[in-house]
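Open the model in your viewer and keep the selection tool ready. Each stop below names something to select and then says what is there.

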Amino acid sequence: MTFTALVLRRDDPDAPPSARVEQLDDARLPEGEVVVDVARSSVNYKDALILAGRPGLVRDFPHVPGIDLAGTVVTSDDAAHTAGDEVLVTGCWLGERHWGGMATRARVPAAWVVRRPAGLDAQRAMALGTAGFTAQLAVDALVRGGVTPDAGPVLVTGATGGVGTLAVVLLAAAGFTVEASTGAAGDADTVGWLTGLGAAAVLPREDVSGAASRPLASARWAGVVDVAGGATLAGALAQTRPGGVVAACGLADDAALPTTVMPFIVRGVTLVGIDSVLFPVDRRADVWARLHAAVPDATLAGLTTTVGLADVPARAATLLATGVRGRTVVDPAG
Ligand SMILES: NC(=O)c1ccc[n+]([C@@H]2O[C@H](COP(=O)([O-])OP(=O)(O)OC[C@H]3O[C@@H](n4cnc5c(N)ncnc54)[C@H](OP(=O)(O)O)[C@@H]3O)[C@@H](O)[C@H]2O)c1
């Protein structure tokens, strides 16, 4: 038997890997107890970094990318899973140290496999994907930290990206007043799009990052979901209200954090780290069920673009260069 995969090959260690759709024999599948027929994957920021050959993510080539997959179990050597199970895998080391979801077939460790909640088909699961899962973890962190809708507005940075978009939807659905910051705040169409998803206000990125050089600035937000790091996160911390909670998810701006201790010791702000990769697998089904319930199908469909394997390299390059709105689902047979 053979399967179709997007294969990254690196002949020159100083150049980005090449990416091509290839037919591979099933014997090439990596170790793992569970074989899955993959119905959908998705393009996340990390996938784009991997396709661009950024160091530190993939060590061995050839490599099949895709940190997300949803599909149906074909065979399982582990009693926890049976042929026919509708499943998903996100994070763990899928698509990084282990061949990933951008293929019609995958073999994965049983310990990574999550049963999909009833009604969550592969398309919707991957429209949510790691981005949605991460947004839900970030919202959970705010709520756990005591941020309530009446505590004041909450900020979402990188609001047109995958995590940002879904954080806007989740927070608005939970009754929060959401302020969405974006590099595209000058574009009326983008403002209308974010408002339609539930943002009460749309701010230019500079409203957040502009305060980065000040230890404290006017206290604006009761909670923050940040995907950017760098000056964006520093500016958000400086403008968080006393007792507020800031969930740090990403580094789309910068991995550095040029801040001071002032937000922590003067305003009691809490900075929470979000990690979707190693989040315990036995707690994931609950997160997926709540995420699925909170995001209406029509909203999800409206923020999703679906592409085939051959379109992934161009889509990933655009995501890094200019950003893409919302989420990109991959149909490996498409
Ligand atoms: N911790 C975790 O477990 C986890 C999980 C998933 C993702 N992440 C991280 O979260 C980040 C977002 O991931 P994603 O999949 O949502 O990516 P994405 O879809 O590419 O969204 C990133 C967004 O960040 C904004 N942005 C880009 N450059 C920026 C800059 N210089 N300053 C401020 N904002 C900038 C853009 O939105 P606007 O144009 O609207 O500003 C962009 O659309 C990435 O760093 C990713 O690695 C972490």
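The tour of this predicted model goes from the domains to the core, then to a helix, the ligand and a single strand residue.

**Stop 1: the two domains.** Colour residues 2–115 together with 303–331 as domain 1, and residues 128–273 as domain 2. Taken over C-alpha atoms, the centres of domain 1 and domain 2 are 29 Å apart. Where the domains meet, 12 residues of domain 1 are in contact with 11 residues of domain 2. On the domain 1 side, the touching residues are three nonpolar, six polar and three charged.

**Stop 2: the core.** Now select Ala138, Val154, Ala167, Val168, Leu171 and Ala247, which have the most contacts inside the largest nonpolar core, a set of 105 residues. Helix α2 gives the most to this core, with 13 residues. The core lies between domain 1 and domain 2, because both give residues to it.

Stay on Ala247 for a moment. Leaving aside neighbours within four places in sequence, Ala247 is in contact with Ala138, Ala141, Leu142, Val224, Val225, Asp226, Val272 and Ile274.

**Stop 3: helix α2.** Select residues 122–144, which make up α2. Is this helix largely enclosed or largely open? Of the 23 residues of α2, 19 are buried, so α2 is largely enclosed by the rest of the structure. Look along α2 for a kink of about 65°, centred on Gly129. After α2 comes Gly146, which has a positive phi, near 95°.

**Stop 4: the ligand.** Select the ligand and the 32 residues that surround it. Gly158, Gly161, Thr182, Gly250 and Ser276 are the closest of them. By class, this shell has 13 nonpolar, 15 polar and four charged residues. Which helices each supply at least two residues of the shell? They are α1 (45–51), α2 (122–144) and α3 (162–173). Domain 1 and domain 2 each provide at least three residues of the shell.

**Stop 5: Val35.** Finally, select residues 34–43, which form strand β3, and pick out Val35 in that strand. Val35 has 20 other C-beta atoms within 10 Å and is therefore buried. Add Val74, Thr75, Arg105 and Arg107 to the view: Val35 touches these residues, not counting those up to four places away in sequence. Then show Ser76, which is 41 residues from Val35 along the chain, although their C-alpha atoms are separated by 6.4 Å.

Technical notes: Residues are numbered from 1 along each chain as its sequence is written. This is a predicted model: local features need pLDDT of at least 70, side-chain atom pairs count only at pLDDT 80 or more; totals for chains, interfaces and linings use all residues. A residue is near a molecule or strand if its C-beta atom, placed from the backbone, lies within 6 Å of it. Helices (H or I, at least four residues) and strands (E, at least two) are DSSP runs, numbered from the N terminus. Ala, Val, Leu, Ile, Met, Phe, Trp, Tyr, Cys and Pro count as nonpolar, Asp, Glu, Lys and Arg as charged, and the others, Gly among them, as polar. Domain bounds come from an automatic or database domain assignment. The bend at a residue is the angle between axes fitted to the seven residues ending there and the seven starting there. A residue is buried if 20 or more other C-beta atoms lie within 10 Å of its own, exposed if 12 or fewer, and partly exposed in between; C-beta atoms are placed from the backbone. Two residues are in contact if their C-beta atoms, placed from the backbone, lie within 7 Å. A nonpolar core is a set of buried Ala, Val, Leu, Ile, Met, Phe, Trp, Tyr and Cys residues joined through C-beta atoms within 7 Å.
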